[in-house]
Structure formats: structure tokens, C-alpha cells
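These are my notebook entries on a single chain. I set out to look up its nonpolar cores, its backbone exceptions and a few helix residues.

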Amino acid sequence: MSRGRSGHKERVKTAKGRKLGSTKWLERQLNDPYVKKAKADGYRSRAAYKLIELDERFKFVRRSRAIVDLGIAPGGWAQVVRKFTPKASVVGIDLLAIDPIDGVTIFEMDFMDDAAPDRLIEALGTKPDLVLSDMAANTVGHQQTDHLRTMGLVEAGAYFAIENLEKGGVFVAKVLAGGTDNELLTLLKKHFKTVKHAKPPASRKGSSEWYVVAQGFKGS
């Protein structure tokens with residue numbers, strides 16, 4: 001790997017046993033300004049800036065006092081929430097183990113486990129006014145299958161929000177391929193006053209991810 005100098009991109013040699021795709025990913029990471037900024041600002045991932053940019057546009061984080069973070073690993077979103085609303089109650093869940101975050105209750109378990117929703121609400125101690133979902137299914141390499149699996153998680157997150165949110169609450173989720181499926185979009189529009197799509201600048205241009213922001217939960 002060459003030494004990084006001002007104005008010069010770092011290049012990564014294709015090591016023995018390393019696939020070309022992995023080399024390109026590593027090179028992209030090394031030259032990604034959001035990755036560098038995350039390290040400088042103490043965030044665990046560049047995804048923190050996606051939430052920051054979404055909040056700059058839609059103003060939902062700073063107004064929240066009880067937050068559920070679905071797919072919390074590696075913890076960048078929870079770090080943003082703690083920084084912007086340090087007095088808020090925050091619980092998160094993920095299959096992956098992550099290092100503790102001060103002030104955040106973390107469950108290492110599958111959100112699709114029947115026991116997960118009750119455990120999250122019990123730990124929160126009240127109805128959430130913000131449900132965040134950055135969940136994505138593990139990819140199998142088949143685009144349609146990967147899309148369906150991830151959107152299935154998004155839909156599960158949406159139902160969780162609808163069943164548990166405080167009136168006026170907000171649901172924010174990562175979706176794929178430029179938007180939500182029609183059924184999910186219809187569901188959200190039925191239960192929220194406004195439903196909008198956004199692609200924050202921190203989301204890579206070549207990525208198929210977008211975010212849906214559903215605000216003003218009408219109540220169950």
C-alpha cells in the first residue's frame with residue numbers, strides 16, 4: 001500500500017489471495033472522505049453522517065426522547081443519537097456483537113425473534129417516539145433475492161413501529177432500489193402523515209440504498 005500524501009489517492013496492491021473486488025473496496029474506504037471524517041469525529045462508521053444529513057433535512061432526532069435502533073451495529077447511528085439527545089432513552093438490537101455505547105441498551109439477538117419486540121419496549125420503559133432501521137439482510141449474491149430479504153426486514157421494522165410508536169412518532173428506514181415496495185409504501189401512508197424518500201450525500205452514488213422517512217404517526 002502506498003503512503004498517502006496530500007492530493008494523492010492511496011492505492012492498494014492486490015495481495016495474494018485477495019480478490020480484486022476486495023482490493024477495490026479497501027481502496028475506496030481509504031480514500032472515502034466520510035470514512036476519514038468518521039475516524040476524526042470518533043464515529044464508528046461513515047453511516048453516522050447519513051443520519052446526521054437526514055436529520056438536517058427532516059429534523060427528527062433532536063426532538064426524540066425514546067428511541068429504538070434496529071440493526072444497531074456497528075453503532076454509528078446510536079452515537080449520533082446520544083450526541084444530539086443525550087437525555088433520551090435508547091435501545092438497540094443486532095445479530096452482530098458490538099462494543100458497548102454509554103447510555104444505550106443493546107440486545108445481541110435476531111429482530112425477527114418473536115421475543116425481540118417485547119424485550120425492546122420493556123427495556124425502553126415507554127413507547128418510542130422514533131424507530132430507526134438500518135437493517136439489511138446478509139447478501140447471497142442474487143440481486144432479487146437480496147432485495148426481497150432486506151425489504152422483508154424493512155417491513156418487519158415498519159410493523160414494529162406501527163404497533164409501538166407514540167402518536168406523532170417517526171419511522172426512518174433504509175430501503176433498496178430507489179424506494180419502497182408498493183405494499184410497504186401504502187402501509188406507511190396509511191399510518192403516517194408524511195412519507196418521503198431521501199438519499200443523503202453520505203450515501204454512495206453507486207449504492208442502491210435510499211431512506212424512507214415517515215413522520216407524524218397517526219396512532220393505532
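Helices and strands are taken here as DSSP runs, numbered from the N terminus. I worked throughout from a predicted model.

Entry 1, backbone exceptions. With the elements numbered in this way, I placed Pro 74 in the loop between E1 and helix H4 (76-84). I then looked at the peptide bond between Ala 73 and Pro 74 and found it to be cis, with omega about 0°. I noted Lys 59 as well, since this residue is not a glycine and yet has a positive phi of about 55°. Lys 59 sits in the loop between helix H3 (47-58) and E1. I recorded both cases because most residues other than glycine have a negative phi, and most peptide bonds are trans. Is Lys 59 buried or exposed? Lys 59 counts as partly exposed, because its relative accessibility is 44%, between the limits of 20% and 50%.

Entry 2, the largest nonpolar core. I found 35 residues in this core, and the members that touch the most others are Leu 70, Phe 111, Leu 120, Phe 171, Leu 188 and Phe 192. Several elements supply at least two residues each, among them strand E1 (66-70), helix H5 (116-124), helix H6 (143-164) and strand E5 (170-176). Which element gives the largest share? H6 does, with eight residues.

I also listed the partners of Phe 111 beyond four places in sequence; they include Leu 70, Ile 93, Leu 120, Met 135 and Phe 160. A second core, separate from the largest one, has 30 residues, including Tyr 43, Ile 67, Val 80 and Ala 198.

Entry 3, two residues of helix H6. I looked up Val 154, which lies in helix H6. Val 154 has 1% relative accessibility and therefore counts as buried, the limit being under 20%. Leaving out residues up to four places away in sequence, I found Val 154 touching Phe 171, Ala 173, Lys 174, Val 175 and Leu 184. From Val 154 to Met 135 the C-alpha to C-alpha distance is 7.1 Å, with their positions 19 residues apart in sequence.

Glu 155 is also in helix H6. At 31% relative accessibility, I entered Glu 155 as partly exposed. Glu 155 and Leu 188 are 33 residues apart in sequence, and their C-alpha atoms are 9.7 Å apart in space.

Notes:
Residues numbered from 1 in each chain as written. Predicted model: local features only at pLDDT ≥ 70, side-chain atom pairs only at ≥ 80, totals over all residues. Heavy atoms only, no water. Core = buried A, V, L, I, M, F, W, Y, C linked by side-chain atoms within 4.5 Å. Buried < 20%, exposed > 50% of the residue type's maximum accessible area, 1.4 Å probe, protein only. Helix = DSSP H or I, 4+ residues; strand = E, 2+ residues; numbered from the N terminus. Contact = heavy atoms within 4.5 Å.
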